[in-house]
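Student: I'd like a close look at one part of this model, the sheet and what packs around it. Could you walk me through that part in one go?

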Amino acid sequence: MKPGVRTRSLPGLLLAVVLAALTVLSAGALPAAADTSVSAVAEALRRSPVYVDPAASAQLSKSDADALAKKIKNADKPLFVAVLPAGYPTANLFRNLRTDTGITGLYAIRLGDRFDARADSSVLPRTAVQNLVTSVQDDKNAKTQLTDFTDRALTNMGGSAPSSWGSSSDSGGMSSTALITVGAVLVAGGGGAYALVRRNRRRKAEERQAALERLRVVVDEDITAFGEELDRLDFHPAEPGADDAMRADYERALDAYEQAKSYMAAATRPEDVRAVTQALEDGRFSLAQLAARREGRPLPERRPPCFFDPRHGPSVADASWTPPDGAPREVPVCAADATRLADGRDPVIREVDTDYGRRPYWDAGPAYGPWAGGYFGGGLLPGLLVGTLLGSMMASPAYAADYGSGYGDFAGYGGGDTSGADFDSGDFGGGFGDGGGGDFGGGGDFGGGGF
């Protein structure tokens, strides 16, 4: 040891190391000024479904945020929730957040006491987002509002959670002894389990067959109604004024009628009915085109059928409607029902037989999911059925196992996929609080009188 060189005792060295480590850790865990930019929010959402700005921590506690994040992860859905302070910049907020996150999903933002959401249409259609936002708009308590929105959104949206979130729980490294014990129990109970599986399969097959037979009555009514429309049309391909376009419309309608009958005759499961009603929907649109050509009117826009009864034909507009004990939502309606609603009268609703008497089809049981899905395909149905019996059933794992999704596959990037900036900006445009759902325009500022 050189003279004049001061040495430290072992305790002194340890203390120095500890202090240095604490300095490094505190520098990483407690930055002098937290970055709350959109890019920082996006980075946080790539790691977890819920982000709470430090300046908005009084709105949602850490324990509540963690509980909400766990619920979203357990549901395996690409739902992103951000809680921001009232003064947070709002210009193009949703669009920029979606771009920086780069993940297809549903994005919900609580900003002060205001709330809005946007989604990729492959995850949840714009109408569905609007209806979900409206259903919780009156909840001023952040925990209540975000919990209600999350519960309703998770039962209606498509897609899966991004892999970057990881799992909400893991095995924690089950010991080999525990694994051996579990294996022994499984082997011992194998015979009984196999018998139980066979019994459950037989019971489910019987239930599906009963559902198909109940559904067959309703579908046969639909096919008969369409056949009667063809008869009333009184169109002859050789009549004066008929052209090739009219004949093509008529041919497509006839083909749809024959396809519907053929599909129904071959149906062996409730989900097979979707092809039948999809054919009928195509056929009715062909008849609407034919009628417009014969009368010299502009060709109709391709729209979904009337929500209240698809036999009414293609819808002509969207109208606000509130089901009993439910939240308002926009639904496609035919001209007659649009007039009834405007006059304050009830629409003409399609009712079907149930064990409890005649009920609207959306309150009649799970078998009607595929039936409605054929009419309202492309992801529109979840938004229309928010808060109804059928809507809740269709979103459950049991329904998916027994009847399929009912309303069809989602196109494009699936929820939770990384698409980067490749998304429809119209889904995320519009001013925060202008009604929700991504109406394009408004420059992205707060506006539109939404609040």
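Student: Before we get to the sheet, what pLDDT does the protein chain average?

Tutor: Happy to! This is a predicted model, in which local features need pLDDT of at least 70 and side-chain atom pairs count only at pLDDT 80 or more, while totals for chains, interfaces and linings use all residues. Residues are numbered from 1 along each chain as its sequence is written, and side-chain values use heavy atoms, with hydrogens and water left out.

The protein chain averages a pLDDT (the predictor's confidence in each residue, from 0 to 100) of 79, and 72% of the residues score at least 70. Among the elements, strand 1 (residues 50-52) has the highest mean, 97, and helix 1 (residues 10-29) the lowest, 46. Helices (H or I, at least four residues) and strands (E, at least two) are DSSP runs, numbered from the N terminus.

Now the sheet. Four strands form an open sheet in the order 1-2-3-4, with mixed pairing; two strands pair if DSSP finds at least two bridges between them. At the edges are strand 1 and strand 4 (114-119), each pairing on one side only. Neighbouring strands are turned by 10° against each other on average, direction ignored. Strand 2 and strand 3 (residues 106-111) pair in the parallel sense over six bridges, and Val81 stands opposite Ala108 in strand 3. Helix 5 packs on the sheet, touching strand 3 and strand 4, and its direction makes about 160° with that of strand 4. Axes here are lines fitted to C-alpha atoms, for helices over the stretch in contact, and angles run from 0 to 180 degrees between N-to-C directions.

Next, the core. A nonpolar core is a set of buried Ala, Val, Leu, Ile, Met, Phe, Trp, Tyr and Cys residues joined through side-chain atoms within 4.5 Å; buried means under 20% relative accessible area, exposed over 50%, partly exposed in between (1.4 Å probe, protein chains only). The largest one has 49 residues, and those touching the most other members include Val50, Leu79, Leu106 and Phe149. Its largest share, six residues, comes from strand 2 (residues 79-84). Contact means heavy atoms within 4.5 Å. Not counting residues up to four places away in sequence, Val50 touches Leu45, Leu60, Ala65, Leu68, Ala69, Ile72 and Val81.

Finally, back to helix 5 (residues 126-136), where Ser135 lies. Ser135 is buried, with a relative accessible area of 16%. Beyond residues up to four places away in sequence, Ser135 touches Arg152 and Ala327. Ser135 and Ala327 are 192 residues apart in sequence, yet 5.2 Å apart in space, C-alpha to C-alpha.
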